[in-house]
Amino acid sequence: MQLPKKKEISEDNPLQPPKKRPQKKNPADPQSKKRTPKDNLAEYGMQLLNDAENSRNPELVRLRIEIIDKLFDAHLKASAPVSPRMALYITIPALAALALISIYTAMTQTQAVYISVTSVAILFALIFIVFMLALCGKMSDTVTGKLISGMFEKVVTRFWKSKPRDEE
Amino acid sequence: MLSKKLESFSERNSTLAPLIEQLDSYLTWLVEHNVTEVIPRVAAAKLGISEADALALLGLFLEAGLVKPRYDLVCTVTKSVLGSYYSRDEIPDDAECRLCDRQHDADELRVELVFEIVKGRAANAAA
């Protein structure tokens, strides 16, 4: 007759705490050590927001976002350091400022200066929008990196090619 | 009977009015059975909606002053409540569990949000 294994005994006895299960996360990761119960709560809040069974009633959507943001702090802690509303407050004045600079240049400077200033303004605006989308958690880091590097590559290549032509 | 705030909300959002009434009836039923708190997950199951939607409705009751949020810090090993807090900022990063007789960190702790039914409402239901 075989004796029951020790593990089976401890699982049957509710008074005896079971042995610590292996964690899913990599223990070498320094970020996993710093986790707090509040972070877990915020993560759970994000899960609730992304639940497929959630109603599509616009008023319920608004209430849901508000209450989960308020009680779970889901917006700020989960993965997005900037809330979409804050990103809008920053982006709109910045884009307006770039547009004003462009308009001012068009009125006061020559066409060549206007074109170059507007090009730089558009480039800045695009970079700014990409950064804000990344900070809001709407775009992954990989996509952001690819977009930024792609944009710089195109600009640098264009300037690099246009210079020798000018000299010729 | 719904509070004025909930009534005006129900009038503005007729599609949500039945859900608000159902939740109000559920809270009344809980009070009548001497239950002083409502768990969003359970309320969601009762109303047949998602937990997030139940939270949204409970948010309305919170604004109306009918419920009060409370965070329970639970040991995931023994499922025992190690502490209750009325503010998110008060939740500690780790806690000692007397049943396990050791200190737990975030990996072994879970925060459960419950809503306490305010005493005024409980008294009204009892009357």
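Modeller: Two residues are in contact if their C-beta atoms, placed from the backbone, lie within 7 Å. Keep that in mind as we read this predicted model.

Biologist: Happy to! What share of the contacts in chain B with a separation of 6 or more comes from residues 24 or more positions apart?

Modeller: Such pairs account for 52% of those contacts in chain B. For a single example of sequence-distant residues, take B:Ile117 and B:Thr36: they are 81 residues apart along the chain, yet their C-alpha atoms are separated by 5.4 Å.

Biologist: Where does B:Ile117 lie, and is B:Ile117 buried or exposed?

Modeller: B:Ile117 lies in strand β6 of chain B. To judge burial, count neighbours: a residue is buried if 20 or more other C-beta atoms lie within 10 Å of its own. B:Ile117 counts as buried because 20 other C-beta atoms are within 10 Å. Across chain B, buried residues make up 33% of the 127 residues.

Biologist: How many helices and strands does chain B have?

Modeller: Chain B has 5 helices and 6 strands. Read from the N terminus, their order is α-α-β-α-α-β-β-β-β-β-α.

Biologist: Now the contact between the chains. How many residues come from each chain?

Modeller: Chain A provides 25 residues and chain B provides 26. On the chain B side, the elements giving two or more residues are α4 (51–63), β2 (67–75) and β6 (109–117). The most comes from α4(B), with 7 residues.

Biologist: And which classes of residue make up that side of chain B?

Modeller: The side of chain B that touches chain A has 15 nonpolar, 6 charged and 5 polar residues.

Methods
Residues are numbered from 1 along each chain as its sequence is written. Chains are lettered from A and ligands numbered from 1 in the order in which they are written. This is a predicted model: local features need pLDDT of at least 70, side-chain atom pairs count only at pLDDT 80 or more; totals for chains, interfaces and linings use all residues. Helices (H or I, at least four residues) and strands (E, at least two) are DSSP runs, numbered from the N terminus. Ala, Val, Leu, Ile, Met, Phe, Trp, Tyr, Cys and Pro count as nonpolar, Asp, Glu, Lys and Arg as charged, and the others, Gly among them, as polar. A residue is buried if 20 or more other C-beta atoms lie within 10 Å of its own, exposed if 12 or fewer, and partly exposed in between; C-beta atoms are placed from the backbone.
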